[in-house]
Amino acid sequence: MRAEWVTDHGKPLTIELAATEKLYGDFQVLATNPGGHSSLPTPDNAIYRVADALAVLEKRPFPFE
């Protein structure tokens, strides 16, 4: 983000603000458990834990910087 002040003899008149878009971030979500056979998934499946974590992130957007 970039901000430029326009002044008149030291008195602020305007602030020009520029923010970029389309920035990205890399994240890693890891969940582990003992596992089991795929034909008998358990309610405590690691895939379900990752899905739940992603749902939490979806509801909490990152702040503007």
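## Reading a small β-β-α model

Me: Which side chains meet in a salt bridge here?

Reply: The general idea comes before the case: side chains of opposite charge can pair when their charged atoms come close. In this predicted model, the pair is R49 and D44, with 2.7 Å from N to O. The structure holds one salt bridge, so R49 with D44 is the pair to look at.

Me: Is R49 buried or exposed, or something in between?

Reply: The trick is to check the relative accessibility against the cut-offs: under 20% is buried, over 50% is exposed, and the range between is partly exposed. R49 has 38%, so it counts as partly exposed. D44 also comes out as partly exposed, because its relative accessibility is 38%.

Me: Okay, zooming out. What pattern does the chain follow along the sequence?

Reply: Read the elements off in sequence order. You get β-β-α, made from two strands and one helix. Strand β1 spans residues 2-8, β2 covers 11-18 and α1 runs over 46-59.

Me: How should I read the confidence, and which element has the lowest mean pLDDT?

Reply: Think of pLDDT as the predictor's own confidence in each residue, on a scale from 0 to 100. Over the chain the mean is 78, with 89% of residues reaching 70 or more. Element by element, β1 has the lowest mean at 68, while α1 has the highest at 88.

Me: So what does V6 touch, leaving out residues up to four places away in sequence?

Reply: V6 is in strand β1, the element with that lowest mean pLDDT. Its contacts are K11, P12, L13, T14 and E16. For E16, ten residues along the chain from V6, the C-alpha separation is 7.8 Å. V6 is partly exposed, because its relative accessible area is 33%.

Me: And where does A51 lie?

Reply: A51 belongs to helix α1. Its relative accessible area is 42%, so it is partly exposed. Take V29 as a reference point: it sits 22 residues from A51 along the chain, and the two C-alpha atoms are 9.6 Å apart.

Me: V29, noted. Which residues make the nonpolar surface patch?

Reply: V29 is one of them; the others are F27, L54, L57 and F62, and the patch has an area of about 540 Å². A residue needs over 30% relative accessible area to be a candidate. F27 clears that cut-off, because its relative accessible area is 64%, which makes it exposed. F27 lies in the loop between β2 and α1.

Me: Last one: how much of the chain is buried?

Reply: Buried residues are 3% of the 65 in the chain. As for surface, the chain exposes about 6,500 Å², and carbon and sulfur atoms supply 58% of that. Contacts add one more view: among those between residues at least 6 apart in sequence, 17% join residues at least 24 apart.

Note on methods
Residues are numbered from 1 along each chain as its sequence is written. This is a predicted model: local features need pLDDT of at least 70, side-chain atom pairs count only at pLDDT 80 or more; totals for chains, interfaces and linings use all residues. Side-chain values use heavy atoms; hydrogens and water are left out. A salt bridge is a side-chain nitrogen of Lys or Arg within 4 Å of a carboxyl oxygen of Asp or Glu. Buried means under 20% relative accessible area, exposed over 50%, partly exposed in between (1.4 Å probe, protein chains only). Patches are made of residues with over 30% relative accessible area and no salt bridge: like charges are joined within 9 Å, nonpolar side chains (Val, Leu, Ile, Met, Phe, Trp, Tyr) within 5 Å. Accessible areas come from the Shrake-Rupley method with a 1.4 Å probe; for residues, only the protein chains shown count as cover. Helices (H or I, at least four residues) and strands (E, at least two) are DSSP runs, numbered from the N terminus. Contact means heavy atoms within 4.5 Å.
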